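Me: Hi! Could you walk me through this one while I have it open?

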Amino acid sequence: MSDKIFSEEVSDKYSLRGRVFHKIRDDILSGKYKEHDELREAAIGEELGVSRTPVREAFRQLELEGLIHIIPNKGAYVTGITSQDVRDIYMIRAELESLCARWATRNITTELMEEMEENVYLAEFHEAKGHTEQIASLDNRFHEILYEACGSKMLEHTLRDFHQYVYRIRKQTLAQGARGSASNDEHRQIMEAIKAKDEDKAAEVARIHMLNAYDNICKKGLLD
């Protein structure tokens, strides 16, 4: 079947089940599937070009993450990310991104430092032009660079997941009002502190960056 999204062969970063899981999770987090929507194994399997087995396995993992609820003999239904979940994620991220910035100050490579500087400059350019798609993409990459620079696979993995959970709402906030500019300024402060090898400042600015992002979400009324 030439139009399959996934091959049955395991040749990617993830196992087949893992790739199916990430695809469904991305679809939930992006808003393709809404809260209370039923996820049908057969339909998703046909869409992705896989059998029901990896879809069923992905469902079990999604339930463990709290993104869906499986009712025996009835079906799987989207739970999604609640307002309380968003608050919890940002409060946890505030502490973990602070630690990440501290470790990044110690461990960042020359290559990643250069990419972080370029990222900040490009974000400021696109913000001045009102290019919201580029701003969101560069915002996403800034945090990925920070995670890669910290030198901890465990911390990087945890933060990547949290970052992905709130991608859709982050994209909305960056497109509204002055948050894009403020976020870029905070990124610049983090970058400059890391470059200056000031662990305490990098950690504090990274923590404030997360708290400010959550505060802006609340002010914009983006939570139910």
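Me: What phi does G66 take, just after α3?
Reply: A positive one, about 80°. Helices here are DSSP runs of H or I, at least four residues, and strands are runs of E, at least two, numbered from the N terminus. Keep in mind that this is a predicted model, where local features need pLDDT of at least 70, side-chain atom pairs count only at pLDDT 80 or more, and totals for chains, interfaces and linings use all residues. Residues are numbered from 1 along each chain as its sequence is written, and side-chain values use heavy atoms, without hydrogens and water.

Me: OK, and which residues are buried in α3?
Reply: P54, V55, A58, F59 and L62. Buried means under 20% relative accessible area with a 1.4 Å probe, protein chains only. They sit on the same side of α3 because they cover an arc of only 145° around the axis, taken from the directions from the helix axis to the C-beta atoms.

Me: What do they pack against?
Reply: α1 (16-30), β1 (38-39), α2 (41-48), β2 (68-71) and β3 (75-78).

Me: Switching topic: which residues have the most contacts inside the largest nonpolar core?
Reply: I24, I28, L39, F59 and Y90, in a core of 31 residues. Such a core is a set of buried Ala, Val, Leu, Ile, Met, Phe, Trp, Tyr and Cys residues joined through side-chain atoms within 4.5 Å. α1 gives the most to this core, with six residues.

Me: And what does L39 touch, beyond its neighbours within four places in sequence?
Reply: L39 is in contact (heavy atoms within 4.5 Å) with I24, I28, Y33, I44, F59, I68, A76 and V78.

Definitions and conventions:
Buried means under 20% relative accessible area, exposed over 50%, partly exposed in between (1.4 Å probe, protein chains only).
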